[in-house]
Amino acid sequence: MFYYAWVGTMKRILLLCMLAFSSCTREDPNYVWLLSLAAGGQTPPSGETSVTVDVSDVTGSPDFLFDTTRTIPVFITVRDPVPQGSGTLVQILDSSSAQELLFQATSNAQGSVEGTFTVNQTTKLVTLRVTIGTDVHTWTINITDVQEIRRFLFVTGEVNMTLVADADSDGVPDSQDAYPLDATRSAIIRVPAQGFYTVAFEDLYPVQGDADFNDYVAEVRYEQDLDASGRVARMRGFVRHIARGAGYRHTLRLTLPTTSSSFHSKLFAANGSLELENETALTSFEGIEVMPNSGTTISSANSAAGEVYAPGKSSEFEVIPATPMALASLGNAPYDLHLHVVNTGYDIHFLGRYLDANGHDQYLDPSGFPWAIMIPGNWSWPLERVNMHTAYPKFQEWYQSAGQAQTDWYLTPAAGKVFSK
Ligand SMILES: [Ca+2]
Ligand SMILES: [Ca+2]
């Protein structure tokens, strides 16, 4: 049933109300700040809110893990005069013209919002958007050197909750609710925000490969349904097998931080027709197959010069965890997607997830290279036995600068050295 959460204009006094917040003690620097604000008489006009931001972003350079994407944690605390029990909507959007939604959650009873968002390394600007009643405030954040977004928002003014419709009462207004009649979900986040990733594996692990990164190549993208708290209530995955320049056979697997879940998967033939559909209840989500044996999923190697590109089968799956997953627990995209090599029995994971007792990454080879790499968008992998350095002349400068230089190295292959689709 459609109804209005608040009828009429709910007005709350800002400053006095804020001063009454229990955490505002005399020891609290925020209290001092509020007093100075009161002394300055900076009361916003009636019916409007004003927000002052305390920026405590963590800056610096993260460990270089051959990542072409970044997953950035977000910690926002909102101190606002909105009636108790109704959170403030916090969103992170891509600052490009597409304004893709990267994260969304409402503040909890303590006023806090926690989550992560994922962007390509080439993304420099995101938008923080906060909706308080009918007021919308936005800030552009340059994330070039930002490792974590940490901000404290002090909201003052009168909050106008007139006609803020929230049919499912999840705290997210209908206008911003991707599922306005489902209180368990409120946003759809696409990872990546546009298009897909290309994941590419070398399959000789633990032996060093020939670095042509075409042994197993797939397109991957995810869609997450976030609940009003910004946790993953459901996750869908879309995978297409597009190259197998290898003699080995593989399956593609995924591990997620959930115990009980429902898992629904579909396998499509190369021509798009549905081949298999399966729905099952799982008690662990460790190493779950999301693409079957590579001997059955692609007929062309798609790795030789002059070969006509013929993509293979694709799969779609949806995971519904019994308890929503914290975004931070998923780690960086493509999450713990890994290749299982049927012939050797080894699993090959992306960097940053499996360290040995000495803290050494198990999936970093002796010369400092990974066996798995992910590239945003439609990527051309090296031809058979062409080393990545040869195929992508900027690749070396990129990793030698620990990802600081040539962040778009994957866009400029050497002529005649990569597979053309
Ligand atoms: Ca809603
Ligand atoms: Ca909803």
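Donors here are N, O and S atoms within 3.2 Å of the metal when that metal is Ca. With that in hand, let's look at the calcium sites in this predicted model.

Start with the calcium ion (ligand 2). Reading along the sequence, its donor residues are spaced D-x1-D-x6-D-x1-Y-x2-D-x2-R. The side chains of Asp168, Asp170 and Asp177 contribute OD atoms, with Asp177 listed twice, while Tyr179, Asp182 and Arg185 each offer an O. Asp168 sits in the loop between strand E11 (164-165) and strand E12 (187-191), and Arg185 is in the loop between E11 and E12 too, so this pair ties together parts that are 17 residues apart in sequence.

Now for the calcium ion (ligand 1). Its donors come from Asp166, Asp168, Asp170 and Asp177 through OD atoms, plus Val172 through O. Their spacing in sequence runs D-x1-D-x1-D-x1-V-x4-D.

Here are the distance ranges for both ions:

| Ion | Donor distances |
|---|---|
| calcium ion (ligand 1) | 2.3 to 2.4 Å |
| calcium ion (ligand 2) | 2.2 to 2.7 Å |

What links the two ions? Asp168 does: it bridges the calcium ion (ligand 1) and the calcium ion (ligand 2), which are 3.9 Å apart.

How accessible are some of these donor residues? Buried means under 20% relative accessible area. Asp168 comes in at 12%, so it counts as buried, and Arg185 is buried as well, at 11%. Asp170 has a relative accessible area of 11%, which puts it in the buried class, and Val172, at 0%, is buried too.

How values were computed
Residues numbered from 1 in each chain as written. Chains lettered and ligands numbered in written order. Predicted model: local features only at pLDDT ≥ 70, side-chain atom pairs only at ≥ 80, totals over all residues. Heavy atoms only, no water. Donors = N, O, S within 2.8 Å, 3.2 Å for Na, K, Ca; no water. Buried < 20%, exposed > 50% of the residue type's maximum accessible area, 1.4 Å probe, protein only. Helix = DSSP H or I, 4+ residues; strand = E, 2+ residues; numbered from the N terminus.
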